[in-house]
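Opening the notebook on a new model today. I'll jot down what I look up as I go.

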Amino acid sequence: MIRLLAIGAPQMPWREIAPRLRGATLDSDSRRADEITATAACDAVLILPDSSVSTEGIERLIQHGKHVLASVEAIPFNASPSTLLETSHAAKQCLGIVNPDRYLPSRQLIRQQLDAGKLGEPGLVRIHRWDGMDPVAALLCDLDLVHWYFGKPPNRVFAVRQTDAQCQLIHLGFPDGGMALIDHVRTVPGRNRYYYLSVIGSSGAAHADDHQNMQLLFRQDVPRAVRTDEGVAAVAAMIQEFVDAIHAGRDMAATSADWKAVLAARDAVDRSMTTGQAMAMS
C-alpha cells in the first residue's frame, strides 16, 4: 500500500478523493512542500497548486526516496520538467509532472474519440480560456493539451498579447496543415470564468464547453447558475495513474520528450510576442 501525502490545494475535498484510490492511502498536510522532510511518514508526495515548492525542494524529496507527483501549475516557472525527470530516473524514483486538464473527463473523452478514429485526423484545436489563472501556467496547460491531441509539436508559432498581459492570442501551425488557436483573457469580472475546447478532425468534431455544464439551482431566493465540477474525478484519476506507475515501476504518460516539446513551443510563443514575428520551429 502506497502512503500518499498531499501538499497544497487546501480547498480540495481529500475525503471524497481518498476512497476512490486503489492500492494507496491518502493524507494531506498544511505545510509548504519545501518543509516536508525525508522523515515524513509517506512513500510519495503530491505537490499541487498553492504548495510553494522550489526546484531544490522537489529534487530533495526525490533524493530522499520520495516519489513525487507535481502539477505543472505548482512547479516554479524556471523549473525544467526534463531536468527533474532525469533526476528522478537517476534516483530510481517515480516523478510525474502532469497537466491536470488532461484528466478532466471531458478532455479524456475527446482523446478517446481521437484514438478510436471517430474524428479522423485532427485539423483544428480551438481553446478559449477566460479566467484569472496565472498566464504562464495557463499557456503550459493549453500547449500540452494541443500537443496531446495532435501527437506532435507545431512547426510555426505566432502570438500577440496586450502589454499588461491581460489578453494573449496564440496561433500554432502544423506541418500537415493543421492548426491550433488559443486565446487567454484574464479580465473576466468577479469569480466568473469560461473555458471552451473544440477539436475538429477530418471526419468528425468534439467539444467541451463550460456553458453545457451550467445547472440552474432553485432555492428560496432567485435561481442561480451553478457550474458542474469535474475536479474530483479528474484529480482521483490523476493520482491513480501515479499510484499505478509506482506499483509498475514505470513513468507516467507525460514523458520528458512531451514536456521538452511543450517548453519549446512556449519559448517560441514568448519570442513571437516579443518580436511580433512568426517563429519557425525545427
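Is Ser 198 buried or exposed? I get 9% relative accessibility for Ser 198, so it counts as buried. My cut-offs are under 20% relative accessible area for buried, over 50% for exposed, and partly exposed in between, with a 1.4 Å probe and protein chains only.

**Ground rules.** This is a predicted model, so I note that local features need pLDDT of at least 70 and side-chain atom pairs count only at pLDDT 80 or more, while totals for chains, interfaces and linings use all residues. Residues are numbered from 1 along each chain as its sequence is written, and side-chain values use heavy atoms, with hydrogens and water left out.

**Ser 198, continued.** I find Ser 198 in strand S10, residues 194–201. Helices here are DSSP runs of H or I with at least four residues, strands are E runs of at least two, and both are numbered from the N terminus. I also checked Ser 198 against His 128: the two are 70 residues apart in sequence, and their C-alpha atoms are 9.3 Å apart in space.

**Salt bridges.** I searched the whole structure and got 9 salt bridges. The criterion is a side-chain nitrogen of Lys or Arg within 4 Å of a carboxyl oxygen of Asp or Glu.

I looked at Asp 183 and Arg 126, whose side chains meet in a salt bridge at 2.9 Å, N to O. Asp 183 sits in strand S9 (residues 179–185) and Arg 126 in strand S6 (residues 122–130), so this pair ties together parts 57 residues apart in sequence. Asp 183 has 7% relative accessibility and so counts as buried. Arg 126, at 22%, counts as partly exposed.

Next came Asp 142 with Arg 129, a salt bridge whose closest N and O atoms are 2.8 Å apart. Here helix H5 supplies Asp 142 and strand S6 supplies Arg 129, 13 residues apart, and the pair links distant parts of the chain. I have both Asp 142 and Arg 129 down as buried.

Then I pulled up Lys 152 and Asp 176, whose side chains form a salt bridge at 2.8 Å, N to O. Lys 152 is in the loop between H5 and S7, and Asp 176 is in the loop between strand S8 (167–173) and S9, so the pair ties together parts 24 residues apart in sequence. Lys 152 has a relative accessible area of 27%, so I log it as partly exposed.

Which residues are joined into one network by salt bridges that share partners? I list Asp 101, Arg 129, Asp 131 and Asp 142.

**Helix pair.** Two packed helices are described by the angle between their axes and the distance between the axes. For helix H5 (residues 135–150) and helix H7 (residues 256–275), I get axes that come within 9 Å and cross at roughly 120°. The axes are lines fitted to C-alpha atoms, for helices over the stretch in contact, with angles from 0 to 180 degrees between N-to-C directions. H5 and H7 are therefore oblique to each other; under 35 degrees would be roughly parallel, over 145 roughly antiparallel and 65 to 115 roughly perpendicular, with the rest oblique.

Also in H5 is Leu 143, which counts as buried because its relative accessibility is 4%. I put Leu 143 and Pro 154 at 9.9 Å, C-alpha to C-alpha, with their positions 11 residues apart in sequence.

**A backbone oddity.** Most residues other than glycine have a negative phi. Lys 92 has a positive phi of about 60° although it is not a glycine. I place Lys 92 in the loop between helix H3 (81–91) and strand S5 (95–98), and its 74% relative accessibility means that it counts as exposed.

**More contacts across the sequence.** Glu 86 is in helix H3 and counts as exposed because its relative accessibility is 52%. Glu 86 and Ser 256 are 170 residues apart in sequence, yet 8.1 Å apart in space, C-alpha to C-alpha. I also noted Gly 123, in strand S6: its C-alpha is 4.3 Å from that of Gly 178, and the two are 55 residues apart in sequence.
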